[in-house]
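Let's take a walk through this one, starting at the ligand and ending at a pair of helices. Keep the model open as you read.

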Amino acid sequence: MTTYAVVNTKGGVGKSTNSIHLACHLATKGPTLLIDGDPQESAATWAAWRRDCKEAEGLPMPVTICLRGKAIYDEGKHLVTNYKNTVVDAGGRDAPGLRNALLLADVAIIPVGASDLDAAAMTDLLEVVDIAKDYNPNLVVKVLLARVDPRTKDAKDMLKWLKENNLSALSARVCERVVFRRSIGEGRTVEELAKDPQAIAEMKAFYEEITQ
Ligand SMILES: Nc1ncnc2c1ncn2[C@@H]1O[C@H](COP(=O)(O)OP(=O)(O)OP(=O)(O)O)[C@@H](O)[C@H]1O
Ligand SMILES: [Mg+2]
């Protein structure tokens with residue numbers, strides 16, 4: 001039984017996209033819960049699209065529910081016991097939902113873009129993660145470089161910055177690829193859409209590394 005919280009106080013870094021992908025992957029392994037902790041309800045919207053998608057019929061599907069604020073921990077801690085794995089898509093700001101997701105989680109995954117602004121914005125988040133560790137000392141924290149432009153050396157610079165700040169980055173990284181937007185919009189994943197082998201390989205590496 002493992003709970004993953006996909007968190008960042010910065011918006012648009014790929015929290016929902018990567019939460020949905022991880023939850024769908026885990027759903028192929030056993031009963032999986034996807035908690036949408038964001039008032040924007042991106043994960044729940046995706047789940048509704050998936051239910052309407054003919055091509056997605058019969059595909060493994062995480063049970064998707066919306067929880068807010070304190071309920072993410074208070075209700076989440078009972079719900080997770082019914083599932084092999086749980087993924088929480090936390091909202092993109094420092095709010096009770098994010099803090100409660102970090103209390104519930106075994107593993108925090110922090111998707112970050114590779115830019116100076118992304119690095120600067122991490123300072124806030126790291127304070128929140130530090131506080132969470134006081135209450136949840138076994139929390140494992142992993143940074144996932146996401147929406148990376150493969151033509152630049154931005155990822156390399158960001159990895160250097162993460163190392164200097166004693167942050168553990170996954171070797172896997174997710175590049176900016178149009179297929180992520182397409183697949184989510186169709187209620188599916190890049191694997192299920194089967195249009196971009198590079199995107200599929202990136203996600204496979206991410207799942208393998210995070211679940212080992
Ligand atoms: N690897 C990717 N390649 C291309 N587009 C991506 C990728 N990941 C996410 N996106 C797109 O970037 C936008 C933001 O992604 P997403 O909604 O997953 O981020 P988020 O961190 O959950 O945002 P928010 O803070 O608003 O909840 C969306 O339009 C999404 O389709
Ligand atoms: Mg989101």
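**Around the ligand**

Start at Gly14, where a polar backbone atom sits 3.0 Å from an oxygen atom of ligand 1. Keep in mind that we're looking at a predicted model, so every distance here is read off predicted coordinates. Move along to Lys15 and you'll find an N or O atom of its side chain 2.8 Å from an oxygen atom of ligand 1. Gln40 joins in too, with a side-chain N or O atom 3.4 Å from an oxygen atom of the ligand. Put ligand 1 on its own and it has 620 Å² of accessible area; the protein covers 81% of that.

Who else is around? Ligand 1 has 16 residues around it, and the ones that come nearest are Lys15, Ser16, Thr17, Arg147 and Arg177.

**Over to the helices**

Now look at helix α1, which spans residues 15–27. It packs against helix α10, residues 197–211, at an angle of about 70°, and the two axes are 11 Å apart. That angle makes α1 roughly perpendicular to α10.

Which residues make the contact between α1 and α10? From α1 come Asn18, His21, Leu22, His25 and Leu26, and they meet Met203, Phe206, Tyr207, Ile210 and Thr211 in α10. Sort the residues of this contact by character and you get 6 nonpolar, 4 polar and no charged.

Technical notes:
Residues numbered from 1 in each chain as written. Chains lettered and ligands numbered in written order. Predicted model: local features only at pLDDT ≥ 70, side-chain atom pairs only at ≥ 80, totals over all residues. Heavy atoms only, no water. Axes fitted to C-alpha atoms, helices over the stretch in contact; angles between N-to-C directions. Helix = DSSP H or I, 4+ residues; strand = E, 2+ residues; numbered from the N terminus. Parallel < 35°, antiparallel > 145°, perpendicular 65-115°, else oblique. Contact = heavy atoms within 4.5 Å. Nonpolar A, V, L, I, M, F, W, Y, C, P; charged D, E, K, R; others polar. Near = heavy atom within 4 Å. Polar contact = N/O pair within 3.5 Å; in protein donor to acceptor, adjacent residues only side chain to side chain. Areas by Shrake-Rupley, 256 points an atom, 1.4 Å probe, with all protein chains shown as cover.
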